[in-house]
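Visitor: I would like a short tour of this structure, with reasons for the terms used.
Guide: Take a look here.

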Amino acid sequence: MASKKYIKDYTLVETEDTKGQLKKTAVYHGDYFNLNLEETEIKTLRWRFLLLFIATLALHVIAGSINNPGLYKIYVALPYTGAFFPLLFLAAGILRMPAEKRPYRNEEIGLSYKRIINMSRLYLIFMAAGLLGALIYLLIVARGLAIELEAIYIGLIAGASFLIWLIYKRANNIEISKEQPALTNE
């Protein structure tokens, strides 16, 4: 079981092992889901997401290492540093993407594809706030000072945001459908 959020999809069943001891095992009884992708598409999508994430992380870290004065303002620094949390969970979602095509459990979809969508959306919100703060700093506070460093920072953050938007757009286009339960004649 992955988390308490999905505990209702499981029941504990007691079984007896070969030595006569009781063992508790979790049995899944929740819904199963299918994707509109083939197995080769799933594998290439996983690698594509991973490469886009690595490029985004590199751009994000490089943007933070620029010594621009705007990053010393809380309305620029807070969204920048806060965006590391969605990046962390986005990485976890990408790494949890299943590599084969089969019926997926609720937690597999929630902790991979839905997490990718939600965390990329959250990263874009943080970066929109950070870019807005950087533009406010440029127009009101800086008055043209250190504009080169600010332009590099804004360009790197905009590039990272674009890569996350590509991940979001592709992940949002994946159709996740609930598998219909098999009818039994008993």
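What follows goes through confidence, strands, a loop, a helix and a pocket.

Visitor: What kind of model is this, and what is counted in it?
Guide: This is a predicted model, where local features need pLDDT of at least 70, side-chain atom pairs count only at pLDDT 80 or more, and totals for chains, interfaces and linings use all residues. Residues are numbered from 1 along each chain as its sequence is written, and side-chain values use heavy atoms, with hydrogens and water left out.

Visitor: How do you know where confidence is highest and where it is lowest in the chain?
Guide: By pLDDT, the predictor's confidence in each residue, from 0 to 100. The chain average is 88, and 95% of the residues score at least 70. Helix 3 (residues 84-95) comes out highest, at 96, and strand 1 (residues 10-16) lowest, at a mean of 82.

Visitor: What makes a run a helix or a strand?
Guide: Both are DSSP runs, numbered from the N terminus: helices are H or I with at least four residues, strands are E with at least two.

Visitor: How do you know that strand 3 and strand 5 pair?
Guide: Two strands pair if DSSP finds at least two bridges between them. Strand 3 (residues 32-35) and strand 5 have 3 bridges, in the antiparallel sense, so they pair. Leucine 35 faces isoleucine 176 in strand 5, and phenylalanine 33 faces lysine 178 there. Strand 3 also has 2 antiparallel bridges to strand 4. There, phenylalanine 33 stands opposite tyrosine 104.

Visitor: Why do strand 4 and strand 5 stand at the edges?
Guide: The open sheet has 3 strands in the order 4-3-5, with antiparallel pairing. Strand 4 (104-105) and strand 5 (176-178) each have a single partner strand, so one side of each has no neighbour in the sheet.

Visitor: Which side chains of strand 3 are buried?
Guide: Buried means under 20% relative accessible area, exposed means over 50%, and partly exposed is in between (1.4 Å probe, protein chains only). Phe33 and Leu35 point to one face and are buried. Tyr32 and Asn34 point to the other and are not.

Visitor: Why is asparagine 36 called partly exposed?
Guide: Its relative accessible area is 39%. That lies between 20% and 50%, so asparagine 36 counts as partly exposed. Asparagine 36 sits in the loop between strand 3 and helix 1 (39-65).

Visitor: How do you know that the length of helix 5 agrees with its 30 residues?
Guide: The expected span is 1.5 Å times one less than the number of residues. For helix 5 (residues 113-142) that gives 44 Å, and the end C-alpha atoms are 41 Å apart, which agrees.

Visitor: What makes the largest pocket a pocket?
Guide: On a 1 Å grid over the protein atoms alone, a pocket is an open set of points with protein on both sides within 12 Å along at least five of seven lines; lining residues have an atom within 4 Å of a point. Lys5, Phe89 and Met119 are among the lining residues of the largest pocket. Helix 5 gives the largest share of that lining, 4 residues.

Technical notes: 1 Å grid on protein atoms, 1.4 Å probe; cavity = no way out; pocket = protein on both sides within 12 Å on 5 of 7 lines; lining within 4 Å.
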